[in-house]
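Let's take a look inside a protein and see what sits next to what. Have the structure open while you read.

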Amino acid sequence: MSYRDNFDKELLEVVSEVDKKIQPKLSEIDEQILENQSKVLQAFQHNGVAESHLNGSTGYGHTDEGRVILERVYAEALGGEAALVRPQFVSGTHAIGVALLGLVRPGDELLYITGEPYDTLQEVLGLAGNGIGSPKEYGIDVDYIDLLKNGEADLNTIKKRLSSKTKVVAIQRSRGYATRESFTVDKIKEMIDVVRSVLPDVWIFVDNAYGEFSETIEPLDIGADVMAGSLFKNAGGGIVPTGAYIVGRDDLIEMISYRFTVPGLGGAEGATGSFLSLAFEGFFMAPQVTGNAIKGAIFEAALLEELGLSVSPKWDDPRTDIVQTVNFGEKESMIKFAEAIQRNSPIDSYVLPIPEEMAGYEDEIIMAGGTFIQGSTLEFSGDGPIRPPYTLYLQGGLTYAHIKLAIMGAAQYTFY
Ligand SMILES: *Cc1c(COP(=O)(O)O)cnc(C)c1O
């Protein structure tokens, strides 16, 4: 029996047309993978990564040479001077919160210029939740500037809104659960240039989650000062079991390190246990795995558009992250598709995902994906709020073959 026996003849014909159509685009991504793989390989070589660096420390984690080298490799490959890459970060949200709150002081303002921040960061910043421990309690103002109706940053309002109080300007690269498009590194550069025309020395932070290795340059290469992301997404290569990273300017990473642990200690302590070997290997694989996820997203966009759904980005649009959104237009097929994503996962394939209310969200959310690393969205997954236009956010997949099989399986289950 062949895998092809699981699919309708008609679907196989559509897939074969789609394969032909997207081939040039997939080749472009292969070239991008080469650029990024080369960058990472060189960072390993320049920093002399050795077998002994794969063994972590215990206790205080003093003289943890592997940790020091890992952070140098991250800094070089992602365009920074220094980095914190630690298993003690519980998630990307934690690292982003530590980075932002490590830079602001009483009387300062932290200003997001790309609309409402990602859901999980709203409580961190005191924009939602009960406010306990929020920046406001410390006399720090946090605000955001809405995007224009077309999803672009509102550059005129941003210019007017910046003041001598503004210490940190924050930019979110990926779309999150918003309907806007993600911001390419070029678009981020436009924003940074406008901000710097008013406040040349303001610190610019980028939430880089889902973005790493999705283009051949990163926000730090075009003028951002600090960025952060999760190791359950691109930078972990799909195999790092815990942690997150912050990369950027030397002096700012030092300030942030005192928020990460305590003043004085900073990044000098922190045992790495069994973290290092997977952290090195995952980062080495990240360009390829991220590239596979993007190739999978291109296939998803092309196939699902061919089947009559509206998708964003379109298959041949420029991409700056691994997220693919699909509008189902009605509840039933959205839920069915999410069920099929779960059925086509390697882990927990027998589980039925059910829409559920979640803290911080106004609508029920459905989440599908059976992953090796709990909740990892560099692995094949789909989720979204149950509300019009009934959009699923698809992302990840460790191999192109799995993404292709799974999407074909989901299309078969939902539409044939
Ligand atoms: C996933 C994500 C985060 C948070 O990362 P976690 O590891 O899930 O906490 C922050 N911002 C954006 C845009 C994200 O997509």
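Below we go through the cores, then one helix with its buried side, then a pair of helices.

## Two nonpolar cores

Keep in mind that this is a predicted model. Its largest nonpolar core has 51 residues, and the members that touch the most others are I22, F299, L303, F337 and L392. Helices and strands both chip in: α1 (9-46), α8 (275-306), β9 (323-327), α9 (331-343), β10 (365-368), β12 (391-395) and α10 (400-415) each give two or more residues to this core. There's also a second, separate core of 46 residues, with V40, A75, I171 and V202 among them.

Want to zoom in on one residue? Leaving aside residues up to four places away in sequence, L303 touches L11, V14, V15, V18, I407 and A411. As a general point, nonpolar side chains tend to be buried together in soluble globular proteins.

## Helix α7 and its buried side

Which residues of helix α7 (residues 250-260) are buried? They are L252, I253, I256, S257 and F260. Because these residues cover an arc of only 145° around the axis, they lie on the same side of α7.

And what do the buried residues of α7 pack against? Their partners are the helix α3 (92-103) and the strands β1 (82-86), β5 (203-207), β6 (226-230) and β7 (244-248).

## Where α1 meets α2

Now find α1 and helix α2 (residues 65-78): their axes are 9 Å apart, and they pack at an angle of about 140°. That angle is why α1 and α2 count as oblique to each other. The crossing of α1 past α2 is right-handed.

On the α1 side, the contact is made by K39, V40, Q42, A43, F44 and H46. From α2 come V73, E76 and A77.

Definitions and conventions: Residues are numbered from 1 along each chain as its sequence is written. This is a predicted model: local features need pLDDT of at least 70, side-chain atom pairs count only at pLDDT 80 or more; totals for chains, interfaces and linings use all residues. Side-chain values use heavy atoms; hydrogens and water are left out. A nonpolar core is a set of buried Ala, Val, Leu, Ile, Met, Phe, Trp, Tyr and Cys residues joined through side-chain atoms within 4.5 Å. Buried means under 20% relative accessible area, exposed over 50%, partly exposed in between (1.4 Å probe, protein chains only). Helices (H or I, at least four residues) and strands (E, at least two) are DSSP runs, numbered from the N terminus. Contact means heavy atoms within 4.5 Å. The arc is that of the directions from the helix axis to the C-beta atoms. Axes are lines fitted to C-alpha atoms, for helices over the stretch in contact, and angles run from 0 to 180 degrees between N-to-C directions. Angles under 35 degrees count as roughly parallel, over 145 as roughly antiparallel, 65 to 115 as roughly perpendicular and the rest as oblique. A crossing is left-handed if the near helix is turned anticlockwise from the far one by less than a right angle, and right-handed if clockwise.
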